[in-house]
Amino acid sequence: MNYRPDTKFIHGGTREEPYHGSLSTPIFQTSTFTFPDAEEGALRFSGEKDGYIYSRLSNPTVKVFEEKVAVAEGADMGLAFASGMAAISAVFTSLTSAGDHIICSNGIYGCTFGLLKLLKEKYQISHDFCDMRNEQQLRSMIQPNTKCLFIESPANPTMKLIDLAWTADIAHECGIKVVVDNTFSSPYLQQPLRLGCDIVVHSATKYLSGHGDVIGGVVAGSRSYIQELAQTAQKDYGGIMAPMDAWLLIRGMKTLPIRMDRHSSNAVNIVEKLKQHPRVEKVNYPTDKDHPDSSFAHKQMSQGGGVLSFQLKGDKGDAQQLMNQLKLVRIAVSLGDAETLIQHPATMTHSLIPAKDREAMGINDSLLRLSVGLEAWQDIWFDLLQALEGCAHKR
Ligand SMILES: *Cc1c(COP(=O)(O)O)cnc(C)c1O
């Protein structure tokens, strides 16, 4: 399909099955599939014939979502999971055995951090955090048992970037697979596989859904890797996506391009305003000209996306007071929804990370993360402004 991205997000993966002409993909709400005869059942089990068997192995609605993601990421195949964490844990366990080693970029998602801790405690799979912009540091951390480089770019919530193409080259020299958690960018803004990375994971809960009404995850990669993952981590651990959730995600993905355009332009406007406010110490946004990585942001991201973080002049109390004054912006973790959401990483998403490590990642007590929604940006800014001014007066 040689269509432009906006068209691909709408039509990608939707034409394969005979759905009696239904424009919307039907929800195949079934656990199992009947076989016309015994021989056909045997052939499907042996793999000699294609066809559905049981919804933990494959389901037509879920398959459409997987194909949509594959088209969007430029991957051979996609594989859906019950959550972003189910997808990430499937990838980690597929690439490693007991005693192996993982290198991660700094500032990863809180539960991915928790998963790495669990893998270390139970299976002696060790990990190191690396400033992947520092070639010497990266090369010095690579060990013979290093099986995977795990990257979040932009990093949550500091919005620091990793040069994906450059890092993938170094990893491949050493025969190491590169996995990118592409949740923050979505495949509309960044396609890591096209930059040479090997595997992409998403929390589909965020931008792919776009409406805050589903938890889901997805992995995209080469045919051989995804087939292996389907036959192992997905089939036997069983963290599969439900057909109804896949349907919500298929619907969400059709509007991903126009949503990301609006999230991004709204965020750019809010960043400009926040930067001028005297109570704001610092604003982090990937494509902002004051961002340390903005020089290569445009090399790998077409726009900056909808997430930004900003540091207040003040402490934890000031950050909490600001949140409590907001009227339109909602206090919630998660991101990528129509509603603008604010959260306080130090006491919420990153509270399990020891304070010392957290500070080293650039997350201090007055940092707030904003997932800029689809509202009129002036209304979002007016709400932030009245909260900033309100706090100033109380001081
Ligand atoms: C939310 C999130 C996850 C986890 O996804 P779930 O769908 O909540 O399991 C992983 N990585 C990033 C970057 C996220 O934002």
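A polar contact is taken here as a pair of N or O atoms within 3.5 Å, and with that cut-off in mind the tour of this predicted model can begin at the ligand.

Select the ligand together with S203, and look for the ligand oxygen atom that lies 2.8 Å from an N or O atom in the side chain of S203. Because the cut-off for a polar contact is 3.5 Å, this pair falls under that term. Add T205 to the selection, where an N or O atom of the side chain is 2.7 Å from an oxygen atom of the ligand. Then show the backbone of M85, since here it is a polar backbone atom, 2.9 Å from an oxygen atom of the ligand, that makes the approach. With these three residues displayed, turn on a surface: the ligand taken alone exposes 380 Å², and the protein buries 93% of that.

Widen the selection next to the whole shell, which holds 13 residues, with G84, D181, S203, T205 and K206 coming nearest to the ligand. Colouring the shell by residue class will give four nonpolar, six polar and three charged residues. Colouring by secondary structure instead will draw attention to helix α4, residues 84–95, which supplies three residues of the shell, the largest share. If pockets are displayed, the ligand is to be found in the second largest of them.

Leave the ligand and select the five strands that form an open sheet, which run in the order β8-β9-β12-β11-β10 with mixed pairing. Follow the sheet out to its edges, where β8 (280–284) and β10 (330–331) each have a single partner strand, so that one side of each is left without a neighbour in the sheet. Zoom in on β8 and its pairing with strand β9 (residues 307–312), which is antiparallel and extends over four bridges. Within this pair, pick N284 and look across to β9, where S309 stands opposite.

The last stops concern backbone geometry. Most residues other than glycine have a negative phi, and most peptide bonds are trans. Select the loop between β4 (146–152) and α7 (164–173), where P154 lies, and inspect the peptide bond that joins S153 and P154, which is cis with omega at about 0 degrees. Move on to P157, which also lies in the loop between β4 and α7, and find there a cis peptide bond between N156 and P157, again with omega at about 0 degrees.

Two residues remain to be picked for their phi values. Q124, placed in the loop between α5 (110–123) and β3 (126–130), has a phi near 55 degrees, a positive value in a residue other than glycine. S186, by contrast, is found in helix α8, residues 186–189, and its phi is positive at about 70 degrees although S186 is not a glycine.

How values were computed:
Residues numbered from 1 in each chain as written. Predicted model: local features only at pLDDT ≥ 70, side-chain atom pairs only at ≥ 80, totals over all residues. Heavy atoms only, no water. Near = heavy atom within 4 Å. Polar contact = N/O pair within 3.5 Å; in protein donor to acceptor, adjacent residues only side chain to side chain. Areas by Shrake-Rupley, 256 points an atom, 1.4 Å probe, with all protein chains shown as cover. 1 Å grid on protein atoms, 1.4 Å probe; cavity = no way out; pocket = protein on both sides within 12 Å on 5 of 7 lines; lining within 4 Å. Sits in = over half its atoms within 2 Å of the grid points. Helix = DSSP H or I, 4+ residues; strand = E, 2+ residues; numbered from the N terminus. Nonpolar A, V, L, I, M, F, W, Y, C, P; charged D, E, K, R; others polar. Pairing = 2+ DSSP bridges.
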